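Got the viewer open? Load the model shown here, pick a plain cartoon view, and let's walk through it one selection at a time.

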Amino acid sequence: MRVPLVNLTPHEVTIFDSDDRVVVRCPAASKPVRVAVDRCEIGRIGGIPVFSEDYGRALLPAPALGVWYIVSSTVALAHPERTDLLVPTDLVRSSDGTIVGCKALGRRNG
């Protein structure tokens, strides 16, 4: 079964089933979608800087019928109006802790 997923992240997204078999590999985007963040230091707690962060908008493709876009959590949070954005979840890690894929995709709710 061909799944209409478009990866807009800078990393390959590998999706595993419950038996740890690869179900889908989505190649990294050649032009990843990113969100600009404006940061302003608003104080310090015990010498640790605390910032206020305002997220900009990403240059996303227009929604397309039946197409889902894999994005970072930051991009999804910056676009709560988009119901076609998915984020890797249930992450799979190697023995050294490196993320190697996921077992599910999640939709962020505004």
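How many Å² does the protein expose, and what share of that do carbon and sulfur atoms supply? Turn on the surface: about 7500 Å² is exposed, and carbon and sulfur atoms supply 54% of it (accessible areas come from the Shrake-Rupley method with a 1.4 Å probe; for residues, only the protein chains shown count as cover).

Some ground rules before you click on. This is a predicted model, so local features need pLDDT of at least 70 and side-chain atom pairs count only at pLDDT 80 or more, while totals for chains, interfaces and linings use all residues. Residues are numbered from 1 along each chain as its sequence is written, and side-chain values use heavy atoms, with hydrogens and water left out.

**Whole chain**

Color by pLDDT, the predictor's confidence in each residue from 0 to 100. The mean is 92, and 96% of the residues reach 70 or more. Now switch to secondary structure: you should find 1 helix and 8 strands, in the order β-β-β-β-β-β-α-β-β along the sequence. Helices (H or I, at least four residues) and strands (E, at least two) are DSSP runs, numbered from the N terminus. Among these elements, helix H1 (residues 73-78) has the lowest mean pLDDT, 91, and strand S6 (residues 68-70) the highest, 97. The C-alpha trace spans about 50 × 40 × 25 Å along its principal axes.

**The cores**

Next, select Leu8, Val33, Val35, Ala58, Leu60, Tyr69, Val71, Val75, Ala76, Ala78, Leu85 and Val87: that's the largest nonpolar core, 12 residues. A nonpolar core is a set of buried Ala, Val, Leu, Ile, Met, Phe, Trp, Tyr and Cys residues joined through side-chain atoms within 4.5 Å. H1 gives this core its largest share, 3 residues, and both H1 and strand S7 (85-93) supply at least two. Apart from it lies another core of 8 residues, including Leu5, Val13, Ile15 and Cys102.

Zoom in on Val35. Not counting residues up to four places away in sequence, Val35 touches Tyr55, Gly56, Ala58, Thr74, Val75 and Ala78 (contact means heavy atoms within 4.5 Å).

**The loop around Asp17**

Move to Asp17, in the loop between strand S2 (13-16) and strand S3 (22-26). Is Asp17 buried or exposed? It counts as buried because its relative accessible area is 19%; buried means under 20%, exposed over 50%, and partly exposed in between (1.4 Å probe, protein chains only). The Asp17 side chain reaches the backbone nitrogen of Asp19 at 2.9 Å. Arg21 forms a salt bridge with Asp17, with the closest N and O atoms 3.0 Å apart (a side-chain nitrogen of Lys or Arg within 4 Å of a carboxyl oxygen of Asp or Glu). Add Asp19 to the selection, and you have a network of salt bridges linking Asp17, Asp19 and Arg21. Leaving aside neighbours within four places in sequence, Asp17 is in contact with Val23 and Lys103.

Asp20 is in this loop between S2 and S3, and has a positive phi of about 65 degrees although it is not a glycine.

**Last stop: Arg57 and Glu81**

The salt bridge count for the protein comes to 8. Pick the one between Arg57 and Glu81 (2.6 Å, N to O). Arg57 sits in the loop between strand S5 (48-55) and S6, and Glu81 in the loop between H1 and S7, 24 residues apart. Arg57 is exposed at 52% relative accessibility, whereas Glu81 is partly exposed at 46%.

Definitions and conventions:
A polar contact is a pair of N or O atoms within 3.5 Å; within protein, one must be able to donate a hydrogen and the other to accept it, and residues adjacent in sequence count only if both atoms are side-chain atoms.
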